[in-house]
Amino acid sequence: MKIEYTAQGDYMIPMIQMPEMQQITIGRFGQMRKDYLRKEKRLLFYSLLTDCRLDQHLVEINREAEEMLTGLIAKMKKAEGLTEKMKEENMMPWAAKMNNIKARAMEIVISEIIFS
């Protein structure tokens, strides 16, 4: 690999360019993971960033977290007996239980995937 330099006053600056990257949308869990890596795991963050693997890592984490969240919610709904019939008959208690399930599932996903 040949590196070209450009003169800037008395200094020779290498002309380095990052490879072209496609625009990727990172979801909420990917953003959480990015913040966690940037604040708590700086070495891993900069390693992924300089290897141009950070975006792909964040997309994969987001996908895994979304799948886990969906699966956990479904399992918890089944375990607690929440049905659409209950939703139609008595909406407020159903909504309260559903919000509780979502919050617990979110905590599990965050602790096992985002902060691992």
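These are my notebook entries on what I looked up in this structure, which is a predicted model.

**Entry 1: the start of the chain**

I began with the surface. I found a nonpolar patch there, formed by I3, Y5 and M12, with about 320 Å² of accessible area together. I then looked up where two of its members sit. I3 belongs to the segment before β1 (5-8), while Y5 is in strand β1 itself.

How accessible is Y5? I read a relative accessibility of 47% for Y5, so it counts as partly exposed. I3 has a relative accessible area of 38% and is partly exposed too. Both values are over the 30% that a patch member needs.

Which residues does Y5 touch, leaving out those up to four places away in sequence? My list reads M12, I13, P14 and M15. M12 is thus a contact of Y5 as well as a member of the patch. For M15 I also took the backbone distance: its C-alpha lies 5.5 Å from that of Y5, with the two positions 10 residues apart in sequence.

**Entry 2: α1 against α2**

Next I turned to a pair of helices. Helix α1 covers residues 28-40 and helix α2 covers residues 42-50; their axes come within 5 Å and cross at roughly 115°. From α1, the contact is made by R33, K34, L37, R38, K39 and E40, and from α2 by R42, L44, F45 and L48. I sorted these by class and got six charged residues, four nonpolar ones and no polar ones.

I stayed with α2 for L49, which has its place in that helix. L49 has 35% relative accessibility, so I noted it as partly exposed. I also checked L49 against M68, 19 residues away along the chain, and their C-alpha atoms are separated by 26 Å.

**Entry 3: a backbone angle at C52**

C52 caught my eye in the loop between α2 and α3 (54-80). What is the sign of phi here? It is positive, about 60°, although C52 is not a glycine. I made a note of this because most residues other than glycine have a negative phi. C52 counts as partly exposed, at 24% relative accessibility; the buried class ends at 20%.

**Entry 4: salt bridges**

How many salt bridges does the whole structure hold? My search found eight. As a reminder to myself, side chains of opposite charge can pair when their charged atoms come close. I went through several of them.

R104 and E80 meet through their side chains at 2.3 Å, N to O. This pair links distant parts of the chain, with R104 in helix α5 (residues 91-114) and E80 in helix α3, 24 residues apart. R104 has 33% relative accessibility and counts as partly exposed; E80, at 38%, is also in the partly exposed class.

Two more bridges turned up in helix α4. E84 and K87 form one of them, at 4.0 Å from N to O. That distance sits at the cut-off, which is 4 Å for a salt bridge. Both residues lie in helix α4 (residues 84-89), three residues apart, about one turn of the helix. E84 is partly exposed at 46% relative accessibility, and K87 is partly exposed at 30%.

K85 and E89 form another, with their closest N and O atoms 3.9 Å apart. Why are they about one helical turn from each other? It is because they are four residues apart in helix α4. I have both K85 and E89 down as exposed.

I also found a network of salt bridges, which links E60, R63 and E67. I followed up R63, which lies in helix α3. R63 is partly exposed, with a relative accessible area of 37%. R63 and G30 are 33 residues apart in sequence, and I get 8.4 Å between their C-alpha atoms.

**Entry 5: P93 in α5**

My last stop was P93, which is found in helix α5. P93 has a relative accessible area of 38% and is partly exposed. How far is P93 from F45, C-alpha to C-alpha? I get 43 Å in space for this pair, which is 48 residues apart in sequence. F45 is a residue I had already met, as one of those from α2 in the contact with α1.

Terms used:
Residues numbered from 1 in each chain as written. Predicted model: local features only at pLDDT ≥ 70, side-chain atom pairs only at ≥ 80, totals over all residues. Heavy atoms only, no water. Patch = residues over 30% accessible without salt bridge, like charges linked within 9 Å, V, L, I, M, F, W, Y side chains within 5 Å. Areas by Shrake-Rupley, 256 points an atom, 1.4 Å probe, with all protein chains shown as cover. Helix = DSSP H or I, 4+ residues; strand = E, 2+ residues; numbered from the N terminus. Buried < 20%, exposed > 50% of the residue type's maximum accessible area, 1.4 Å probe, protein only. Axes fitted to C-alpha atoms, helices over the stretch in contact; angles between N-to-C directions. Contact = heavy atoms within 4.5 Å. Nonpolar A, V, L, I, M, F, W, Y, C, P; charged D, E, K, R; others polar.
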